[in-house]
Amino acid sequence: MAQHGHSEACCSVPPSKHDYKEKGSYFEIDGMKTYKTGPSTATSAILIIYDIFGFSPQTLQGADILAHADDEHHQYQVFVPDLFYGKPADHSWYPPDTKEKGEKLGAFFQGPAAPPMTAEKIPKIVKEIEEKTGGTIKKWGGLGMCWGGKIISMTSTEGTVFSAVAEVHPAMVDPKDAEGITIPICMLASGDEDKEAVAGFEKNLKVKNHVETYHDQVHGWMAARGDLKDEKVRKEYERGYQKLLDFFHEHL
């Protein structure tokens, strides 16, 4: 049984090693080291809420793809705040096959990774980014990875700062969350997510949406668990990011 509402994979599979030199830079937002990439003149922005492993190379590469992959008519400033303040989930906790590892992982999900605490920070983060970028940003998109997908669901309700959002291999998928979402949403699930939960989520959506399952991909293939040395995974990683670009082009 999955722990803390996460999928089995989220709680048992370690991240994949991957080398990548990011194109962007870092600055501080609300006391958090924050990755920023993309043209500073872009009027649309995407906030990425990463998975529990923090600034993984695959996540930063994904941010760069969203920021630099397309033409001058579809440009985005992309930001990835370090919501865990330099202390993401430790790779050594995986798999959590001892009492000590399980307790550390449980404490992490109930402490730094508690979704309500993180969701409360999002409007403030967005506001401070707008102030520090000189007011160029007019529209926001949000992207949640694994754990971050839950945060996206919680912050896409009435009064949201986002105009459109996406979730990739989301954790803690709850069909009830879909009922309150008020903006277009894209969900790219892996073969590891609960199929009934994903189907129920899609059924309960009342907004424009695209829900798709990559059945042969693992939970986390577009983030820290993406083994990009594997050609098939790399192609599906690229296809997933192209799908996100298509979605944000349409709705931002």
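This is a short walk through one chain, from its overall build down to a few residues.

Please keep in mind that the model is predicted. Let me start with the whole chain.

We have eight helices and eight strands. The radius of gyration is 17 Å, and the globule rule gives 18 Å for 252 residues, so the chain is as compact as a globular protein of that length. Along the principal axes, the C-alpha atoms fill a box of roughly 50 × 40 × 35 Å.

Next, burial. Of the 252 residues, 54% count as buried. The exposed surface comes to about 11,100 Å². Carbon and sulfur atoms supply 50% of that surface.

Then the contacts. Take those with a separation of 6 or more. Residues 24 or more positions apart account for 71% of them.

Charges, quickly. I have 28 positive side chains and 38 negative ones. The centres of the two sets lie 2 Å apart.

Now the cysteines. How many disulfides does the count come to? Zero. Look at C186. Its closest cysteine sulfur is in C146, 15 Å away. The cut-off for a disulfide is 2.5 Å between the sulfur atoms, so at 15 Å the pair is too far apart for a bond. Are these cysteines buried or exposed? C146 has 2% relative accessibility and counts as buried. C186 is buried as well, with a relative accessible area of 1%.

On to helix α5. This helix covers residues 147-154. It is mostly covered, with seven of its eight residues buried. The buried ones are W147, G148, G149, K150, I151, I152 and S153.

Stay with G148 for a moment. G148 sits in α5, and its relative accessibility is 0%, so it counts as buried. What does G148 touch, once neighbours within four places in sequence are left aside? I49 and Y50. There is also a distance to note, from G148 to H169. They are 21 residues apart along the chain, and their C-alpha atoms are separated by 9.5 Å.

That takes us to H169. You will find H169 in the loop between β6, residues 164-168, and α6. H169 is buried, at a relative accessible area of 0%. Its backbone deserves a look. The phi of H169 is positive, about 30°, although the residue is not a glycine.

The loop between β6 and α6 also holds M172. M172 has a positive phi too, about 55°, and is not a glycine either. With a relative accessible area of 15%, M172 is buried, because the cut-off for buried is under 20%.

From M172 we can step into helix α6. This helix runs over residues 175-179, and D177 lies in it. Which residues does D177 touch, not counting those up to four places away in sequence? K150, S153, M172 and F201. Two of these names came up before: K150 and S153 are among the buried residues of α5. One more distance here. D177 and L205 are 28 residues apart in sequence, and 8.9 Å apart in space, C-alpha to C-alpha.

Two loop positions remain.

The first stop is G191. Where is G191? In the loop between β7, residues 185-190, and α7, residues 195-204. Its relative accessible area is 22%, so G191 is partly exposed. Not counting residues up to four places away in sequence, G191 touches T213, Y214, H215 and Q217. For a long-range distance, take G191 and E22. They are 169 residues apart in sequence and 28 Å apart in space, C-alpha to C-alpha.

The other stop is P95. P95 is placed in the loop between β4, residues 76-81, and α3, residues 99-110. Check the peptide bond from Y94 to P95. That bond is cis, with omega near -10°.

Let me recap for anyone setting this chain up. The disulfide count is zero. The Y94 to P95 bond is cis. H169 has a positive phi, and M172 has one too. Helix α5 is mostly covered.

That is my tour. Over to you.

Key: Residues are numbered from 1 along each chain as its sequence is written. This is a predicted model: local features need pLDDT of at least 70, side-chain atom pairs count only at pLDDT 80 or more; totals for chains, interfaces and linings use all residues. Side-chain values use heavy atoms; hydrogens and water are left out. Buried means under 20% relative accessible area, exposed over 50%, partly exposed in between (1.4 Å probe, protein chains only). Helices (H or I, at least four residues) and strands (E, at least two) are DSSP runs, numbered from the N terminus. The radius of gyration is taken over C-alpha atoms; the globule rule is 2.2 Å times the number of residues to the power 0.38. Contact means heavy atoms within 4.5 Å. Accessible areas come from the Shrake-Rupley method with a 1.4 Å probe; for residues, only the protein chains shown count as cover. Lys and Arg count as positive and Asp and Glu as negative; His and the chain ends are not counted. The place of a charge is taken as NZ of Lys, CZ of Arg, CG of Asp or CD of Glu.
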